[in-house]
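Q: Please take a close look at one helix in this structure and at the part of the chain around it. I would like to know which way its residues face and what lies against them.

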Amino acid sequence: MDFPPIREELRGLEPYGAPQLDVPVQLNTNENPYGPSEACADDIAASVREAALTLNRYPDREHVALREALAAYLSRDTVAAGFSITPEQVWAANGSNEVMLQLLQAFGGPGRTACSFAPTYSMYPEYARDTLTRWVTGHRAEDFSLDVDAARELIEAEQPSVVLLPSPNNPTGTALPPDAIEVLCKATGAYGGLLVVDEAYTEFRREGTPSALELLPTHRNLVVSRTMSKAFALAGGRLGYLAADPAILDAIRVVRLPYHLSSVTQAAALAALRHAPELLGKVDDLRRERDDVVTWLRAQGLEVADSDANFVLYGRFEDRHAHWEALLAHGVLVREVGPAGWLRVSIGTPEEMAAFRDATTAVLATPA
Ligand code: PMP
């Protein structure tokens, strides 16, 4: 008898996670390279201190103040469309990973299906596995865009309860046009399914691609997932959230653990939201840095996927592992992820990107 008595389908599986290595230039998990200022850290510390005085009590289960602040933040993306997001439409959890797991707990399960379109975020099938939901994968086109007709046909054939669509996509950086989201929302809604647009990287999108939030008033089955881990420079705070019809939130309340969001997390996230202009202040610099590295990699003769995110997928390498290791030997950590032959680099500071370019130049010049 094998010990421990883990579920048969989990036996021998590796836990998900990028290597956490102590190297000088870490460009592998799409974090914001700019941490909070001293003033912001002081404000977070003061808020956490205040929360600490009541740590004998459970936190606000409904995290009302935080939902109000998140709704106000989201409404910046919807004012142009003439409406606001209300706190009744907002729900938060410990990272958007937890938000999406809760969605699968409430809307997936045995006898139900979830799907996405590969190459995409590799945690999605894990949410399905962990909730005993059947998982179906469609495929993206050669240039990583979504063939909307093929996607619609797959959705109509499989009728997934939940469709997970990241925009921009990880690891390719590809954003979805709003008309594609609308078509797929209608296809999913026709039989009662949900469409989740995962906007983890949305703040980095290029001009002219609106957020899927604009479609909320017209599509009850749309869920927009967000996170403070990326543009908001709060990966360590673990705060993800979604906007959706309040009836969808009621379903999530049934499956969420009691008091899932600690008082410390709520206090830290609220303080960070008060510093939104500072924490988001480097987003434009990061977008420029991204566009520069795309141009530079192409000038080296490499293939590069167009990116609306704070990372770039590039290749193709006959032996990507060898290239990844050679960069690591130069102190630069990128991510070995995505289709065979490609690597992903997160956008760092100008100094980190210079180190990445130098290391890449050196490795490309070395005969294999
Ligand atoms: N969605 C996508 C597309 C991601 O790439 C990530 C993080 N890598 C997440 C969601 C989850 O991030 P978090 O749990 O930190 O919000």
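A: What follows describes helix α11 and then widens to its surroundings.

The model is a predicted one, in which local features need pLDDT of at least 70, side-chain atom pairs count only at pLDDT 80 or more, and totals for chains, interfaces and linings use all residues. Residues are numbered from 1 along each chain as its sequence is written.

Helix α11 covers residues 320–329, and its buried residues are His323, Trp324 and Leu327. Viewed down the axis of α11, these buried residues fall within an arc of 100°, so they line one face of the helix. The arc is that of the directions from the helix axis to the C-beta atoms. An α-helix has 3.6 residues a turn, so residues three or four places apart point the same way. On the other side of α11, the exposed residues are His321, Ala322, Glu325 and Ala329. Here a residue is buried if 20 or more other C-beta atoms lie within 10 Å of its own, exposed if 12 or fewer, and partly exposed in between, with C-beta atoms placed from the backbone. Helices (H or I, at least four residues) and strands (E, at least two) are DSSP runs, numbered from the N terminus.

The cover over the buried residues of α11 includes β11 (332–333), β12 (343–346) and α12 (350–365). Contact means that the C-beta atoms of two residues, placed from the backbone, lie within 7 Å.

Leu328 also belongs to α11. Leu328 counts as partly exposed because it has 17 C-beta neighbours inside 10 Å. Not counting residues up to four places away in sequence, Leu328 touches Val23 and Leu333. The C-alpha atoms of Leu328 and Val25 are separated by 9.0 Å, although the two residues are 303 apart along the chain.

The chain on either side of the helix has backbone features of its own. In the loop between β10 and α11 lies Arg316, and a cis peptide bond with omega of about -15° joins Gly315 to Arg316. Just after α11, Gly331 takes a positive phi of about 85°.

On the scale of the whole chain, the division is into domain 1 (16–34 + 282–365) and domain 2 (38–278), with bounds that come from an automatic or database domain assignment. The centres of the two domains, taken over C-alpha atoms, are 26 Å apart. Across the boundary, 21 residues of domain 1 are in contact with 22 residues of domain 2. On the side of domain 1 that touches domain 2, the elements giving two or more residues are α10 (283–299) and β10 (311–315). The residues on that side divide into 11 nonpolar, five polar and five charged. In this count Ala, Val, Leu, Ile, Met, Phe, Trp, Tyr, Cys and Pro are nonpolar, Asp, Glu, Lys and Arg are charged, and the others, Gly among them, are polar.

A second cis peptide bond can be added for comparison: the bond from Ala118 to Pro119 is cis, with omega near -5°. Pro119 sits in the loop between β3 (113–118) and α4 (124–130).
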